[in-house]
Amino acid sequence: MKRTLIFLFLLFTCMGSFAENEGIEPALGVRTARYYYMPSCSSCMDFLLSMASEYSPAGLTIERIDVRTAAGYERMTADLERLGSSAEEFPILIIEEAVFQGEAETERGRREAEALLGSGGSLTSLTGTVHEPAVPVIGIGAIFLSGLIDGINPCVFSTLIFLFSMLAMLGRDRRDLIVIGCWYTLSVFISYYLAGLGLSHLTLFVSRYQFLGRLLDGALVFFLAILAVLSLYDYYLARTGRASGMVLQLSLKEKRRIHSVIRGRMRSGSLALGAVIMGVLVSLFELGCTGQIYLPTLLYMASVNPEGPAYRLLLLYNVGFILPLGSLFAVCIAGVSSKRLEQSFRNHTAAIKLLTAVLFIILLVLTLLS
């Protein structure tokens with residue numbers, strides 16, 4: 001009798017557990033989605049506010065993950081790599097194997113998932129949409145314009161004038177000019193691209209941390225405002241014939257160092273090797289001046305493309321940067337003297353400074369909007 005009672009007790013206990021498990025079948029059937037967002041993204045926050053809770057009555061649980069944290073960013077990257085995708089627009093919603101990016105797509109993905117679960121369907125039929133980077137056309141134009149203006153700023157132009165003067169003094173013929181021009185231009189292009197790539201990785205690493213990311217955004221706005229004011233001041237100095245007193249230019253020490261590199265490399269036995277080494281060294285020395293445009297532009301790229309280095313945008317910037325350099329070499333090869341180029345540069349210094357100020361204002365507005 002005692003054994004029978006024990007058996008019946010165990011039997012009812014198992015049945016109770018089974019019934020209890022049956023009762024939570026909907027909870028076991030819940031599907032989890034991951035929602036990657038940034039607190040600074042207004043559309044991301046609108047989506048979160050539209051959700052009464054993480055759990056949907058249809059059986060969809062949406063896990064909210066802030067990508068400004070290191071753990072959140074790493075998880076998003078791993079998720080997207082697993083699915084053969086990449087982050088191109090925020091917010092990002094991942095349901096099963098489907099990736100939805102952007103405000104409209106994430107909302108569509110959630111509604112379709114809830115409809116499928118409500119009707120007993122399978123989430124495997126969901127189809128996400130991959131978008132191109134959400135960089136406005138005016139932003140792309142501003143990035144190219146940044147490179148173009150950076151390529152004709154006083155730092156770069158004065159260095160080229162000195163280089164052309166050295167070539168004329170050493171009696172280099174047209175063939176030598178072509179060799180030097182091609183290798184020097186290519187060397188500068190690669191050096192600036194790699195420098196930009198390194199700075200992009202650094203800014204993106206910093207921006208993954210929420211506090212540092214917000215601090216970086218604020219610093220960028222402040223930096224752009226200061227640069228715009230200083231550029232306008234330089235414009236005033238150049239317009240009134242006091243260009244030598246401009247604030248945003250290389251120091252006398254840096255100019256002498258660059259001139260020393262040019263003199264040494266132009267006397268090198270190998271023109272190609274000398275031009276390559278000269279291009280790398282001059283690029284590094286000039287970063288203190290050209291970085292005044294380069295760095296804010298890179299920070300803007302990071303603000304509109306926070307998932308990783310914007311390789312194509314970086315390439316676009318450097319194409320703009322190298323165009324004036326290549327064009328000046330072509331003009332020099334065609335026979336235009338360095339004195340004539342220098343005079344032309346002096347006549348247009350004020351206009352270049354004004355364009356630079358306008359550029360900083362455009363980047364400032366775009367940064368605030370993004």
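Seven nonpolar, three polar and two charged residues line the largest cavity of this structure, which is a predicted model. Let's look at that hole and the helices around it.

In total, the structure holds three cavities of 30 Å³ or more. The largest cavity takes in about 80 Å³ of space. Who makes up its walls? Asp150, Asn153, Pro154, Cys155, Leu248, Cys289, Gln292, Ile293, Ile352, Lys353, Thr356 and Phe360 do. Three elements each give two or more residues to this lining: α7 (154-169), α11 (271-304) and α13 (338-369). Which of them gives the largest share? That's α13, with four residues.

Now for how two of these helices sit together. α7 and α13 pack with their axes 10 Å apart, at an angle of about 175°. Angles over 145 degrees count as roughly antiparallel, so α7 is roughly antiparallel to α13.

Here's who touches whom across that contact:

| Helix | Residues in the contact |
|---|---|
| α7 | Pro154, Phe157, Ile161, Phe164 and Ser165 |
| α13 | Ser338, Leu341, Glu342, Phe345, Ile352 and Lys353 |

Sort the residues of this contact by class and you get seven nonpolar, two polar and two charged.

A few names turn up twice, too. Pro154 of α7 is in the contact with α13 and also in the lining of the largest cavity. Ile352 and Lys353 of α13 meet α7, and they line the largest cavity as well.

Key: Residues numbered from 1 in each chain as written. Predicted model: local features only at pLDDT ≥ 70, side-chain atom pairs only at ≥ 80, totals over all residues. Heavy atoms only, no water. 1 Å grid on protein atoms, 1.4 Å probe; cavity = no way out; pocket = protein on both sides within 12 Å on 5 of 7 lines; lining within 4 Å. Points joined across faces, edges and corners; volume = space filled by probe spheres on them. Nonpolar A, V, L, I, M, F, W, Y, C, P; charged D, E, K, R; others polar. Axes fitted to C-alpha atoms, helices over the stretch in contact; angles between N-to-C directions. Parallel < 35°, antiparallel > 145°, perpendicular 65-115°, else oblique. Contact = heavy atoms within 4.5 Å.
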